[in-house]
Amino acid sequence: MALIEVSHLEKSYGAIRAVKNVSFSVDRGEVVGFLGPNGAGKSTTMKLLTGYLRPDAGTAVVAGFDVVENPVAAKAHLGYSPEGAPAYGEMTVREFLRFAAELRGLTDPAQRVADTLKLCRLEEVAGQSVDTLSKGYRMRVGFAQAVIHDPAVLILDEPTDGLDPNQKFEVRRILKDMAARKAVIVSTHILEEIAELCTRVIVIAQGEVRCDESKERFLQRGDDLNQVFRKLTA
Amino acid sequence: MTHNPDSPTPRPGAAFWAVLRREFAGYFRTPLAYVFLAVFNAFAISLAFFVGNIYEAGVASLDRFFLYHPWLWAFLAPAAGARLWAEERRQGTIELLLTWPVTVWQAALGKFFAAWLFLGSALLITLPMAFTVCYLGDPDVGVIVSGYVGSFLCAGACLGIAAIASALTRSQVIAFVTGFLACFVLVLVGYGVFDELLSGAFATGTVEEIRRLGLWRNLEPFTLGLIDLRPTAYFLTVAFAGLGLSTLIVERR
Ligand SMILES: Nc1ncnc2c1ncn2[C@@H]1O[C@H](COP(=O)(O)OP(=O)(O)OP(=O)(O)O)[C@@H](O)[C@H]1O
Ligand SMILES: [Mg+2]
């Protein structure tokens, strides 16, 4: 069984149908790039998959646990960084990660925090409160809390949004290092990120999956990815 | 780091304590907490001395001190409780908290008790004054203890209401104002002016029944040294109904 199994997910906000009959599955070792225009339903799909929102219909299964039926077990296997990488701004980076580790019931939280600070290159800002960090560091803090328990499933909503090229490179490098052992979904508006980072592409528009294929096939659709994107999402 | 395919499902208690500790420490991360503690103590003590005339009353008892506590809690419990959920929504961290392996109930209990303990610590700081009054007059430790228990329970009731207000909005200001207004109504029920209004409109028995829904009528027996079942149940019911309802609101999101 794949680490992520999504079938026939539906979600409406009032009259807006944000997610329509979305199905896909992700295996260990895959890094899926979630593409789609603004308002396509990428974030909403992630919120359903992580158990933050309840689907109107359909199921999401993470590491064998249905996120609605068995939310705590599913969430224990899941790392998630929501859009904008929210964090408790008044805490220091170390305190924040420590809290995440304790809440997850990790054995030896201090060691986990130290390892994660190192992995995400956050050591020099460990004592700084999250509110005072530059955007690059802030996004990495969001990433750090998502990987502190080395989860089997990693879901990142625009983890490289607004980062400078060096910071983007850094995040991708860390992600690539761990990807072989995980099922990863990354949403992005940066089409070049597909070639750099992903093994597979899912394009969503108006709440529907428009295309779900390997990176190689996707890149063969045309030389100008912007045009490919426009055609798929029209 | 090595991959651990059996990521532990945390013990429920671990999450509760982690949330409680974070939230309690959170109050002291901002200077607001110290302002809060100072305001509470300044008002608690000056109201007792200047408005309540604690000395001229001739009895060195503390019922004049506790008389104003419903007012203080009506103001300060929503002030401390406003951040419970509103701040999580504003910062977007609610999406983290609720996608970490905890139930909404564990998080809600941790938050609620942290806030209640914070209010309790404001109350504790007034203890030296209580002992001074006791020392100057005829000490009745039992009355002091029951008064403090009653005040603490009253704080919990106001916090329950504040929690509902906080669960409904992402603005701490709105949470505070609505929480305060709701508590304010419960303070007014059973107070002089409001009583007269009621007496004009209802029969005496009905007025007494309505009074019993107010904070003061329930705190009063505590200030006389009585820890009765009925007022205790009243405060705890309001506190836990508020906790439960606010949790359901967050769970539905
Ligand atoms: N809380 C909400 N209430 C009402 N409508 C919402 C809410 N959140 C999202 N929507 C709507 O649902 C649709 C999908 O939004 P979603 O945030 O999932 O898109 P997205 O693909 O993540 O977009 P972006 O690339 O801009 O982040 C949009 O039409 C959006 O306006
Ligand atoms: Mg989005």
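**Notebook: helix packing in chain B, and chain A**

I looked first at two helices of chain B and noted that B:Pro12, B:Ala15, B:Phe16, B:Val19, B:Leu20, B:Glu23, B:Phe24 and B:Tyr27 in α1(B) meet B:Gln106, B:Ala107, B:Leu109, B:Gly110, B:Lys111, B:Phe113, B:Ala114, B:Ala115, B:Leu117, B:Phe118 and B:Ser121 in α7(B). Contact means heavy atoms within 4.5 Å. By class, I recorded 14 nonpolar, 3 polar and 2 charged residues in the contact of α1(B) with α7(B). Ala, Val, Leu, Ile, Met, Phe, Trp, Tyr, Cys and Pro count as nonpolar, Asp, Glu, Lys and Arg as charged, and the others, Gly among them, as polar.

The model is predicted, with pLDDT of at least 70 needed for local features and 80 or more for side-chain atom pairs, while totals for chains, interfaces and linings use all residues. Residues are numbered from 1 along each chain as its sequence is written, chains are lettered from A and ligands numbered from 1 in the order in which they are written, and side-chain values use heavy atoms, leaving out hydrogens and water.

I then looked up the geometry of this pair. Helix α1 (residues 12-27) of chain B packs on helix α7 (residues 104-124) of chain B at an angle of about 40°, with the axes 8 Å apart. Axes are lines fitted to C-alpha atoms, for helices over the stretch in contact, and angles run from 0 to 180 degrees between N-to-C directions. α1(B) and α7(B) are therefore oblique to each other (under 35 degrees counts as roughly parallel, over 145 as roughly antiparallel, 65 to 115 as roughly perpendicular, the rest as oblique).

I compared a second pair. Helix α9 (residues 141-167) of chain B and helix α13 (residues 215-223) of chain B pack at about 160°, with axes 7 Å apart. α9(B) is therefore roughly antiparallel to α13(B). Among the residues making this contact are B:Val143 and B:Cys158 of α9(B) and B:Leu215 and B:Phe222 of α13(B). I found 8 nonpolar, 5 polar and no charged residues in the contact of α9(B) with α13(B).

For chain A, I counted 9 helices and 10 strands (DSSP runs numbered from the N terminus: helices H or I, at least four residues; strands E, at least two). Of the 234 residues of chain A, 60% count as buried (under 20% relative accessible area, with exposed over 50% and partly exposed in between; 1.4 Å probe, protein chains only).

Lastly I looked up A:Thr44, which is found in helix α1 (residues 42-49) of chain A. A:Thr44 counts as buried because its relative accessibility is 9%.
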